[in-house]
Structures are given as C-alpha cells and as structure tokens.
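Work through these exercises with the structure open beside you. Try each task before reading its solution.

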Amino acid sequence: MSSIEGNAHQIADIARKRFADEKRRVLVAVAGAPGSGKSTLAERAVELLNEGKVGCAALFPMDGYHYDDVVLEAAGRRPFKGAIDTFDAHGLRHMLLRLKENADDVVAVPVFDRTIEIARAGGRLIPQSVDILVCEGNYLLAEQAPWDRLKSIFDFTVFVDVSEDNLRKRLQDRWSSYGLDPKEINRKVEENDVPNGLAIISGSSEPDRRIDNN
C-alpha cells in the first residue's frame, strides 16, 4: 500500500471516529507546500469516506480564496500569486465557521480553476447532509496572523512533509504539463513556488499528524 493510500485510510478512520464521538460535522485540515501531495491525499480520504457512506464527506480546497488577478495586478502582486498575502484569509475563516456550524441546507463555495488561474464563485455545493469536510490548502496551519485563527476551527490537522528537491521536481513537472516554456517554468518555480513552499514548511504550526510524502 502506497504512502498516500495508507495515510488516506488513517485520516478517513480518524475522521469517522471523531464524527461518531461528536455527533456533529467534523472538519479535517490537510496542509502542506504546493507539490507536497496534500490535494491527492485529501481527495483520496474523501473517496474512502464516501465508499462507506455515499455523500457523507466532501472536499473543500482553500485555493478558491485566491484574490482575483485584477486585485493582484492593482497591488503589484500578480507575479507572486500563491504567496500567503494573495489569499482572502478572513473570507476563508468565515466560510469555515459557517461550514462547521452546518446551519444551512446547502452552502456554495468557490473553487479554483487552475486551467485559467481563476476562482469560480459557487463552484461547489456542500449540502447539510455532509458529515465530514476535508479542507486542503497551503496555509491552513500558518502561524502568521490572521491565518493563525484557522487551526482552532479544525477537529483534526495533518501536515504533509516533502523535501525541497522533491518539491522542485514536482512543481517543474506541474507547470510543464500546462505547456509553459522553460524560462517561465523556472521563474514560477524558483521565484515563487519554492520560496512559498519553504515558507509554508517553516511557518506552519505543529499538526496532530505529520505525513512524510517523499
């Protein structure tokens, strides 16, 4: 069994136990640097949860809270999209609190479309029947204010560790898959993604569980 598969099973088991004990919606955070494998891990955990009970779990990616390119251009931050200050931390926090309260019959959340690098408002619906919500993102455990107000919202937190060399290789492969030229790939990776990744690794609080995905 692969590292991702085994750890996804463990996260799913922990989430089921928490829900059984608490009898309320449970929120799980899966954090890590870009290219760490956190998205794959979170997606697989949701799949496993839904194998036991269809529709009991849903995925909530943090990336939907990217600021729009128009906002980033005005702030001179468009080349650094993905840095901690290019997300709406307050909006994400309020949405997490709303989702945890689970008072509405359905909640629409934004979803980031990587093919156009833009978040789509109302891109995903999360009904009240969802018992377990798995949230994945870079800065969910960040110690920098106001991000430091997020961790206490979650019932269980995970951080996915990966080496700098593996991060660099995975990020290069990611941007290559979008057909970018080598010069632009190198700029994105070396001037933005890798520095962000290292800042995430060093600037995140200790999770309930660390996962080595090298």
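Two strands pair if DSSP finds at least two bridges between them. Keep in mind that this is a predicted model.

**Exercise 1. The open sheet**

Task: Find how β1 and β5 pair, then place them in their sheet.

Solution:
- Step 1. Locate β1 at residues 26-32 and β5 at residues 132-137. They are joined by 6 bridges, in the parallel sense. That meets the cut-off of at least two bridges.
- Step 2. Check one position: A29 faces C135 of β5.
- Step 3. Widen the view. The open sheet has 5 strands, ordered β2-β5-β1-β6-β7, and its pairing is parallel.
- Step 4. Look for the edges. β2 (57-61) and β7 (209-212) each pair on one side only, which makes them the edge strands.
- Step 5. Follow the twist. From one strand to the next, it averages 20°.
- Step 6. Add a helix. α1 (residues 3-22) packs on this sheet and touches β1, β5, β6 (156-161) and β7. The direction of α1 makes about 165° with that of β7.

**Exercise 2. A hairpin**

Task: Say whether β3 and β4 run parallel or antiparallel.

Solution:
- Step 1. Find β3 at residues 106-113 and β4 at residues 118-127.
- Step 2. Read the pairing. The two strands run antiparallel, with 7 bridges between them. V106 stands opposite P127 of β4.
- Step 3. Inspect the turn. This hairpin has 4 residues between its strands. E117 has a positive phi there, near 60°.
- Step 4. Check the cover. In β3, 6 of the 8 residues are buried, so the strand is mostly covered.

**Exercise 3. Three salt bridges**

Task: For K81, R210 and E184, name each salt-bridge partner.

Solution:
- Step 1. Recall the principle. Side chains of opposite charge can pair when their charged atoms come close. The cut-off here is a nitrogen-to-oxygen distance within 4 Å. By that rule there are 22 salt bridges.
- Step 2. Take K81. Its partner is D69, with the closest N and O atoms 2.6 Å apart. K81 sits in the loop between α3 (69-75) and α4 (89-101), while D69 belongs to α3, so the pair ties together parts 12 residues apart in sequence. K81 is buried at 9% relative accessibility. D69 is buried too, at 18%.
- Step 3. Take R210. It pairs with D161, at 3.0 Å between the closest N and O atoms. R210 is in β7 and D161 in β6, 49 residues apart, so this pair links distant parts of the chain. R210 is partly exposed, at 37%.
- Step 4. Take E184. Its partner is R187, at 3.1 Å between the closest N and O atoms. Both lie in helix α6 (residues 182-202), 3 residues apart, or about one turn of the helix. E184 is partly exposed at 25%, and R187 is partly exposed at 22%.
- Step 5. Look for a network. Salt bridges with shared partners join E5, R44, E47 and E51.

**Exercise 4. The nonpolar cores**

Task: Which element gives the most residues to the largest nonpolar core?

Solution:
- Step 1. Start with the general tendency. In soluble globular proteins, nonpolar side chains tend to be buried together.
- Step 2. Find the core. The largest one has 30 residues. F60, L92, L96, L140 and W147 touch the most other members.
- Step 3. List the contributors. β1, β2, α4, β3 and β5 each give two or more residues. α4 gives the most, with 5.
- Step 4. Zoom in on L92. Among the residues it touches are F60, M62 and Y65.
- Step 5. Move to the second core. It is separate, has 24 residues, and includes A8, V28, C56 and A57.

Note on methods:
Residues are numbered from 1 along each chain as its sequence is written. This is a predicted model: local features need pLDDT of at least 70, side-chain atom pairs count only at pLDDT 80 or more; totals for chains, interfaces and linings use all residues. Side-chain values use heavy atoms; hydrogens and water are left out. Axes are lines fitted to C-alpha atoms, for helices over the stretch in contact, and angles run from 0 to 180 degrees between N-to-C directions. Contact means heavy atoms within 4.5 Å. Buried means under 20% relative accessible area, exposed over 50%, partly exposed in between (1.4 Å probe, protein chains only). A salt bridge is a side-chain nitrogen of Lys or Arg within 4 Å of a carboxyl oxygen of Asp or Glu. A nonpolar core is a set of buried Ala, Val, Leu, Ile, Met, Phe, Trp, Tyr and Cys residues joined through side-chain atoms within 4.5 Å. Lists of a residue's contacts leave out its neighbours within four places in sequence.
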